[in-house]
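Keep your viewer open and your selection tool ready. We will go stop by stop, selecting a few residues at a time and saying what is there.

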Amino acid sequence: MNEPAIDLTAVHAVVFDTDGVVTDTAQSHAAAWKHVFDAFLRGRSAPFDIRDDYLRHVDGRPRLDGIRTFLASRGLEVEEGSPDDEPGEPTIHGLGRAKDRLFVAQVDKYGVAAFPSTVALLHELRHRGARTAAVSAGLHGRKLITSAAVTHLFDVLVDGHDAALMNLPGPPDPALFLEAARRLAVPPARTAVAEAALPGVEAARKAGFGLVVAVGRPDAQGAAEHTDPERAAAYGVELREHGADVVVADLGELTVSGRVLPLTT
């Protein structure tokens with residue numbers, strides 16, 4: 001399927017990634033990562049690229065996995081440390097705690113906004129009988145959905161706390177998406193996934209979801225006026241190579257057809 005549409009005669013539920021798909025938080029995540037990584041990289045390597053490094057190594061992964069993946073891309077090794085490490089300590093956990101503290105402070109100070117086009121799509125899907133879920137590899141998925149005042153638009157929420165309790169790996173492993181589909185009681189083949197990150201797109205395709213919609217927002221990691229059209233187009237190609245059936249710049253480009261009929265006995 002390559003048209004920007006969701007056919008509810010084919011799929012009966014939609015799982016939405018949180019950051020960059022439901023909530024406008026990708027820039028805040030990227031900025032927090034840059035602040036933390038640049039302090040660590042000083043004297044060790046070139047600064048963190050808020051677009052390329054974020055998209056390819058950090059975006060869509062659990063926080064500690066993102067740190068490991070990014071540092072490996074630079075040929076850098078640090079100790080794992082422990083969850084009790086001080087924020088900013090040069091360990092995996094220390095860097096993770098520093099990023100987490102910065103991001104949460106931004107959320108607490110400024111709040112979180114949901115993308116209007118996503119909210120409109122959620123209303124349309126639910127009006128037509130589809131079930132919906134929000135998924136996040138991060139620990140603050142529920143906090144973001146609550147802050148954006150869209151909790152009522154989801155039947156199921158799965159985030160990093162659930163992953164920790166259930167020992168579920170994050171993307172590119174599809175475990176979080178599969179858990180959301182299980183809770184929705186809809187098989188993956190009848191479920192669509194809307195995702196903004198390469199690991200998430202790869203995970204959804206790997207698990208055999210019925211439709212994989214990639215949201216390649218051109219301004220997701222930086223101001224729109226600084227977006228390079230060629231770079232955005234190349235990223236769209238990369239999303240397709242990772243398994244996206246449809247790539248859109250905004251979920252407002254999608255149309256919805258059909259209706260999920262209620263079960264009959």
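Start by selecting Pro172, in the loop between helix 7 and helix 8. Helices here are DSSP runs of H or I with at least four residues, strands are runs of E with at least two, and both are numbered from the N terminus. Show the backbone: the peptide bond from Pro171 to Pro172 is cis, with omega near 10 degrees. Most peptide bonds are trans, and most residues other than glycine have a negative phi.

Before moving on, note that this is a predicted model, in which local features need pLDDT of at least 70 and side-chain atom pairs count only at pLDDT 80 or more, while totals for chains, interfaces and linings use all residues. Residues are numbered from 1 along each chain as its sequence is written, and side-chain values use heavy atoms, with hydrogens and water left out.

Stay in the loop between helix 7 and helix 8 and pick Asn167. Asn167 is not a glycine, yet has a positive phi of about 55 degrees. With a relative accessible area of 69%, Asn167 is exposed; the cut-offs are under 20% for buried, over 50% for exposed and partly exposed in between, using a 1.4 Å probe and protein chains only.

**Helix 8 and what follows**

Now select helix 8. Of its 10 residues, 7 are buried, so helix 8 is largely enclosed by the rest of the structure. To colour the buried ones, choose Ala175, Leu176, Phe177, Glu179, Ala180, Ala181 and Leu184. Their packing partners are strand 2 (13–17), strand 3, strand 4, helix 7, strand 5 (191–195) and helix 9, where contact means heavy atoms within 4.5 Å.

Step just past helix 8 to Ala185, with a positive phi of about 60 degrees. Ala185 sits in the loop between helix 8 and strand 5 and is exposed, at 67% relative accessible area.

**Helix 10**

Next, select residues 229–241, which form helix 10; its 13 residues should span 18 Å at 1.5 Å a residue, and the end C-alpha atoms are indeed 18 Å apart. The expected span is 1.5 Å times one less than the number of residues.

Which residues of helix 10 are buried? They are Tyr235, Gly236, Glu238 and Leu239. These cover an arc of only 160 degrees around the axis, which puts them on the same side of helix 10; the arc is that of the directions from the helix axis to the C-beta atoms. Turn to the other side of helix 10 to find Pro229, Glu230 and Glu241 exposed. Then show helix 2 (52–58), helix 9 (198–206), strand 6 (211–215) and strand 7 (246–248), which are among the elements covering the buried residues. Just after helix 10, Gly243 takes a positive phi of about 125 degrees.

**The largest pocket**

Switch on a surface and centre on Arg61, Pro62, Arg63, Ala137 and Gly138: of the 36 residues lining the largest pocket, these are the closest to its centre. The volume of this pocket is about 680 Å³. On a 1 Å grid over the protein atoms alone, a pocket is an open set of points with protein on both sides within 12 Å along at least five of seven lines, a cavity is a set where a 1.4 Å probe fits but cannot get out, and lining residues have an atom within 4 Å of a point. Points are joined across faces, edges and corners, and a volume is the space filled by probe spheres set on them.

Helix 3 gives the most to the pocket lining, with 4 residues. By class, the lining has 17 nonpolar, 9 polar and 10 charged residues; Ala, Val, Leu, Ile, Met, Phe, Trp, Tyr, Cys and Pro count as nonpolar, Asp, Glu, Lys and Arg as charged, and the others, Gly among them, as polar.

While at helix 3, select Leu64. Leu64 is buried at 19% relative accessibility and touches Ile92, His93 and Gly96, leaving out residues up to four places away in sequence.

**The second largest cavity**

For a last stop, select Thr18, Ala134, Val135, Ser136, Gly141, Arg142, Ile145, Leu157, Val158 and Asp159, which line the second largest cavity. About 40 Å³ of space lies inside this cavity. Helix 6 supplies the largest share of the lining, 3 residues.
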